[in-house]
Amino acid sequence: MSTSPMQVSEARRFQQLRGHLSYLKLNDAAEALNRVLDQARTERMSRTAALERLLEIEVEATEARKLAAREWFACLPEPWTLADFDFAAQPGVDEKLIRDLATLRFLDDASNVLFVGPPGVGKTMLSVALGRAAVDAGHRVYFTTAAELAAKCHKAALEGRWKTCMRFFAGPKLLIIDELGYLPLPEDGASALFQVINQRYLKSSTILTTNVGIADWAGAFGDATVAAAMLDRLPHRAAVAGIDGPSYRLRGHQNQADAMRKGVNARVS
């Protein structure tokens, strides 16, 4: 069976098109080319619609890769979102404030967020949920504990990488520092934390969770001067969410235990 010049021309044009897509590193579009052409023929799509669909596939794949990269960089400890938080179970949380923070308007103003309250009330979960929302919105986010930040800064200073370390912590649009006050900070750790906060001041946002009341920060830092300097910067243009309700974490554990107990009783009966 002979092949017509038109068929040869179309075959060559198809291969050239695949080659162009690959050269431009539009690999997902190149892989989907056959499928889109078949769809265009079956559904009688216009050339413009077929081209739009082909590029849409590439854009979606690119956005998925960028999201995966932001998720990897963020180091969020759990996949929590705001939908996972049970406001009814934690009446100590100002839901209206949290919903407003979830709009991420505070990032546009380079404002800060302070979650203050005893262990287990949901401070970390809420900070992670806001971090997750920022990642999904296309922002660079980084999560660390106060102790981890102090340790990284200390190591960087010993290795002569202090400026590089400071640039790293200055970079994210949102920096989440968890568990301030849970472990005592060494003197250079408190100083490092202040320098991180200071270089981000009025430039980008920081979320800080702590079990220490703001009035008692001097004890948490072990240095009244550093504490005063921190208080001069962090609460300025900041939303402060004091949470004094029951332990959200213990309630979750209790619910799991109750569910397991009901399951055992159902099997026995």
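Colleague: In which helix of this predicted model is Ser 191 found, and is the residue buried or exposed, or partly exposed?
Modeller: In this predicted model, Ser 191 belongs to helix α9. Its relative accessible area is 29%. Buried requires under 20% and exposed over 50%, so Ser 191 in α9 counts as partly exposed.

Colleague: How far apart are the C-alpha atoms of Ser 191 and Asp 223?
Modeller: Along the chain, Ser 191 and Asp 223 are 32 residues apart. In space, the separation of their C-alpha atoms is 9.0 Å.

Colleague: What distance does α9 reach from its first C-alpha to its last?
Modeller: Helix α9 has 14 residues. At 1.5 Å a residue, a reach of 20 Å is expected. The value in the model is close to this, at 21 Å.

Colleague: Which residues of α9 are buried, and which residue with a positive phi follows the helix?
Modeller: The buried residues of α9 are Gly 189, Ala 190, Ala 192, Leu 193, Phe 194, Val 196, Ile 197 and Arg 200. After α9 comes a residue with a positive phi, near 65°. That residue is Leu 202.

Colleague: How are α9 and α11 oriented relative to each other, and what is the handedness of their crossing?
Modeller: The axes of α9 and α11 (residues 224-233) come within 10 Å and cross at roughly 20°. That angle makes α9 roughly parallel to α11. The handedness of the crossing is left-handed.

Colleague: Which residues of α11 are met by α9?
Modeller: From α9, the residues involved are Ala 190, Leu 193, Phe 194, Ile 197 and Asn 198. Of these, Ala 190, Leu 193, Phe 194 and Ile 197 are also listed as buried. Their partners in α11 are Val 226, Ala 229, Met 230 and Arg 233.

Colleague: Why do the buried residues of α7 line one face of the helix?
Modeller: In α7, Ala 146, Leu 149, Ala 150, Cys 153 and Ala 156 are buried. Seen down the axis of α7, these buried residues fall within an arc of 130°, so they line one face. In general, an α-helix has 3.6 residues a turn, so residues three or four places apart point the same way. The value behind the one-face description of α7 is thus the arc of 130°.

Colleague: Against which elements do the buried residues of α7 pack?
Modeller: One strand partner is β2 (141-145), and another is β3 (174-180). The helices against which the buried residues of α7 pack are α8 (162-170) and α9 (187-200).

Colleague: How are α7 and α8 oriented relative to each other?
Modeller: The axes of α7 and α8 are 7 Å apart, and the angle is about 150°. The residues of α7 that meet α8 include Leu 149, Cys 153 and Ala 156, and these three are buried. Among their partners in α8 are Trp 162 and Phe 169. With its angle of about 150°, α7 is roughly antiparallel to α8.

Colleague: Is Arg 132 buried or exposed, and which residues does Arg 132 contact beyond its neighbours within four places in sequence?
Modeller: Arg 132 lies in helix α6 (residues 123-136). Its relative accessible area is 16%, so Arg 132 is buried. Its C-alpha atom is separated by 9.9 Å from that of Arg 70, 62 residues apart along the chain. Leaving aside neighbours within four places in sequence, the contacts of Arg 132 are Leu 67, Glu 71, Leu 76, Trp 80 and Thr 81.

Terms used: Residues are numbered from 1 along each chain as its sequence is written. This is a predicted model: local features need pLDDT of at least 70, side-chain atom pairs count only at pLDDT 80 or more; totals for chains, interfaces and linings use all residues. Side-chain values use heavy atoms; hydrogens and water are left out. Buried means under 20% relative accessible area, exposed over 50%, partly exposed in between (1.4 Å probe, protein chains only). Helices (H or I, at least four residues) and strands (E, at least two) are DSSP runs, numbered from the N terminus. The arc is that of the directions from the helix axis to the C-beta atoms. Contact means heavy atoms within 4.5 Å. Axes are lines fitted to C-alpha atoms, for helices over the stretch in contact, and angles run from 0 to 180 degrees between N-to-C directions. Angles under 35 degrees count as roughly parallel, over 145 as roughly antiparallel, 65 to 115 as roughly perpendicular and the rest as oblique. A crossing is left-handed if the near helix is turned anticlockwise from the far one by less than a right angle, and right-handed if clockwise. The expected span of a helix is 1.5 Å times one less than its number of residues.
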